[in-house]
Amino acid sequence: MLAQRYPLVWGKKKFYIKIFCSIPNIATGILIKAGKNLFAVDPGDGILRDLNNEIGTDKILSISNLFITHGHHDHVGGVWSLLTYMRVMNKKTPLSIHFPKGCVEIESIHNAFKKVYSKTLPYEINLKQINKHTEFTSNNVIIRPFPVIHKEFLNDGKTTRQVPALGYKFTYDGLKICYGGDTAYCDDLVKQAKGSDLAIIEAGHDEDTPDEMHMTLKEAKSIGESAKEYFLVHVPE
Ligand SMILES: [Zn+2]
Ligand SMILES: [Zn+2]
């Protein structure tokens, strides 16, 4: 297991990832560089501040893709400010937003954003709803979305429902980074993490008995150890 203090950084050849933070119920924020490509993954609250410190305005404007694992606020809280910043700073190149089918948070943020700014938007937004778990390529990066198990409580505080949720595996220059997002222990993640050069695995459940929302430390470590290197993230503070 690699170090645990944020930011977490990993890079090999021209493939690099920085996890600014990943704190359950507060915020996540991840930057991926693959050659000249810049991707933001799960842009939670604070992403603009962190990206500004890390890469500055011009490079923020050249971010080509956002990848959203699911709609919980600690993973999408920074989407509005990122979209708005790109508008104010006059982004010209298109932005694709990848998100799981049924993620109403992203659809709603996008609808509200369009409603307010469609007449003054200098760049194109391409919403890419993912409903099949098949590989696709963006500028020489192979992206493999995969389903994960992540539930949330309904109003009664007892009944749960599955949230539209994905993990993503990014492959560039022969190197593989697997990010599970928020997930309970599940076979798809086990399969995708195995043999990856880096696995980013959440350990958000603070008890020993497994549930269907997050993983226990033990579960997360067992998956992380099947990769060449791993980070445990989303550990309650
Ligand atoms: Zn979360
Ligand atoms: Zn979540």
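The following dialogue works through two zinc sites, a sheet and the nonpolar cores of a predicted model.

Tutor: This is a predicted model, in which local features need pLDDT of at least 70 and side-chain atom pairs count only at pLDDT 80 or more, while totals for chains, interfaces and linings use all residues. Residues are numbered from 1 along each chain as its sequence is written, chains are lettered from A and ligands numbered from 1 in the order in which they are written, and side-chain values use heavy atoms, with hydrogens and water left out.

Student: What makes His70, His72, His150 and Asp182 donors of the zinc ion (ligand 2)?

Tutor: Donors are N, O and S atoms within 2.8 Å of the metal (3.2 Å for Na, K and Ca), and water is not among the atoms, so sites may look incomplete. His70 (NE2), His72 (ND1), His150 (NE2) and Asp182 (OD) lie 2.2 to 2.4 Å from the zinc ion (ligand 2), and their spacing along the chain is H-x1-H-x77-H-x31-D.

Student: Why is the site of the zinc ion (ligand 2) called irregular?

Tutor: Four donors count as tetrahedral if all angles lie between 85 and 135 degrees; four count as square planar and six as octahedral if opposite donors are over 155 degrees apart and all others between 65 and 115; anything else is irregular. The angles among the four donor atoms of this ion run from 90 to 169°, and the site is therefore classed as irregular.

Student: What makes the arrangement around the zinc ion (ligand 1) irregular?

Tutor: Its donors are Asp74 (OD), His75 (NE2), Asp182 (OD) and His234 (NE2), at 2.1 to 2.2 Å, and the four atoms subtend angles of 90 to 160°, which makes the arrangement irregular. The two zinc ions are 3.5 Å apart, and aspartate 182 coordinates both. Aspartate 182, in the loop between E13 and H6, and histidine 234, in the segment after strand E15 (230-233), link parts of the chain 52 residues apart; helices (H or I, at least four residues) and strands (E, at least two) are DSSP runs, numbered from the N terminus.

Student: How do you know that histidine 72 and aspartate 182 are buried or exposed?

Tutor: Buried means under 20% relative accessible area, exposed over 50%, and partly exposed in between (1.4 Å probe, protein chains only). Histidine 72 has 16% and is therefore buried, and aspartate 182, at 3%, also counts as buried.

Student: Why do E4 and E5 count as paired?

Tutor: Two strands pair if DSSP finds at least two bridges between them, and E4 and E5 have three, in the parallel sense. Valine 41 stands opposite phenylalanine 67 in E5. The open sheet has seven strands in the order E1-E2-E3-E4-E5-E6-E7, with mixed pairing, and its edge strands, E1 (8-12) and E7 (125-130), each pair on one side only.

Student: What makes a set of residues a nonpolar core, and which residues have the most contacts inside the largest one?

Tutor: A nonpolar core is a set of buried Ala, Val, Leu, Ile, Met, Phe, Trp, Tyr and Cys residues joined through side-chain atoms within 4.5 Å. The largest has 29 residues, with Leu51, Ile60 and Ile63 making the most contacts inside it, and H4 supplies its largest share, five residues. A second, separate core of 25 residues includes Leu8, Phe15, Leu175 and Phe231.

Student: Which residues does isoleucine 63 touch?

Tutor: Contact means heavy atoms within 4.5 Å. Not counting residues up to four places away in sequence, isoleucine 63 touches Leu38, Phe39, Ala40, Leu51, Ile55, Met86, Lys91, Pro94 and Leu95.
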